[in-house]
Amino acid sequence: MHRVFVYGSLKRGQPNHPYMTDSRYGKAEFLGTAVTVQKYPLVIATNYNIPFLLNLPGQGNRVHGEIYQVDGKMLEFLDSFENIPTMYQRTAVELEIKMADEKEKLSAGSIMEASVYSTTTYQPDWPSLPTYDNYDSNGDHGLKFMLREDRKWASVK
């Protein structure tokens, strides 16, 4: 089993979260919420308004997200879904637990490590984009996330 920190469209209530709960892709168990110990720039970029965590530790904000324990099948799916290594890279990140499922024996304030899909393969202007501490596709930023199945039609129009 592997621990994965999600901060964008895979979080609960976000457009891609159904992948996390679909057993065809493997198993993902919600462990709790957390925030990165270090600051990172979380930006929304591309014509599709995709959230990216730039692998620039010390810049940006402490980023809020969710921790999941996933099996090998789900990890393999997520690696493919996140287009490893071209678009994102899976790296280790230290997290401060904010809220944890009691049965997981994690306590608020404790520190743990998990994998995160961050990127070093970003456009030169991305570090100057606005940064966020918590992603919501329906947030005040007005940058609505575009699902993959809708992208092909957007490029045709």
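Where does Asn83 lie? Asn83 sits in the loop between α2 and β6, and that loop is a good way into this predicted model. Below is a quick tour of the salt bridges, the odd backbone spots and one proline with a handful of contacts.

**The loop between α2 and β6**

- Asn83 isn't a glycine, yet its phi is positive, at about 55 degrees.
- On the surface side of things, Asn83 is partly exposed, with 36% relative accessibility.
- Pro85 is in the loop between α2 and β6 as well.
- The peptide bond joining Ile84 and Pro85 is cis, with omega at about -5 degrees.
- For context on both of these, most residues other than glycine have a negative phi, and most peptide bonds are trans.

**Another positive phi**

- Thr46 also has a positive phi without being a glycine, this time about 75 degrees.
- You'll find Thr46 in the loop between β3 (42-45) and β4 (50-53).
- Thr46 comes out as partly exposed, its relative accessible area being 36%.

**Salt bridges**

- The total is five salt bridges.
- As a reminder, side chains of opposite charge can pair when their charged atoms come close.
- Arg90 pairs with Asp79, and their closest N and O atoms are 2.7 Å apart. Arg90 belongs to strand β6 (residues 89-100) and Asp79 to helix α2 (residues 72-81), so this salt bridge ties together parts that are 11 residues apart in sequence.
- How buried or exposed are the two partners? Arg90 is partly exposed at 36% relative accessible area, while Asp79 is buried at 16%.
- Arg24 makes a salt bridge with Asp22, with 2.6 Å between the closest N and O atoms.
- Arg24 is exposed, at 59% relative accessible area, whereas Asp22 counts as buried at 18%. The cut-offs behind those labels are under 20% for buried and over 50% for exposed, which is why 18% puts Asp22 in the buried class.
- Lys98 and Glu96 form a salt bridge too, the closest N and O atoms being 3.5 Å apart. That pair counts because the rule asks for a side-chain nitrogen of Lys or Arg within 4 Å of a carboxyl oxygen of Asp or Glu.
- Lys98 is partly exposed, with a relative accessible area of 41%, but Glu96 is buried, with 18%.
- Glu96 and Lys98 are also part of something wider: together with Arg62 they are linked in a network of salt bridges.

**Pro15 and its contacts**

- Pro15 is placed in the loop between β1 (2-6) and α1 (18-21).
- With 27% relative accessibility, Pro15 is partly exposed.
- Leaving aside residues up to four places away in sequence, Pro15 touches Ser9, Ser137, Phe145 and Leu147.
- Pro15 and Ser107 are 92 residues apart along the chain, and their C-alpha atoms are separated by 28 Å.

**Worth a look in the viewer**

- For the backbone, start with the cis bond between Ile84 and Pro85, then go to the positive phi of Asn83 and that of Thr46.
- For the charged side chains, pull up Arg90 with Asp79, Arg24 with Asp22, and the network of Arg62, Glu96 and Lys98.

How values were computed
Residues numbered from 1 in each chain as written. Predicted model: local features only at pLDDT ≥ 70, side-chain atom pairs only at ≥ 80, totals over all residues. Heavy atoms only, no water. Buried < 20%, exposed > 50% of the residue type's maximum accessible area, 1.4 Å probe, protein only. Helix = DSSP H or I, 4+ residues; strand = E, 2+ residues; numbered from the N terminus. Contact = heavy atoms within 4.5 Å.
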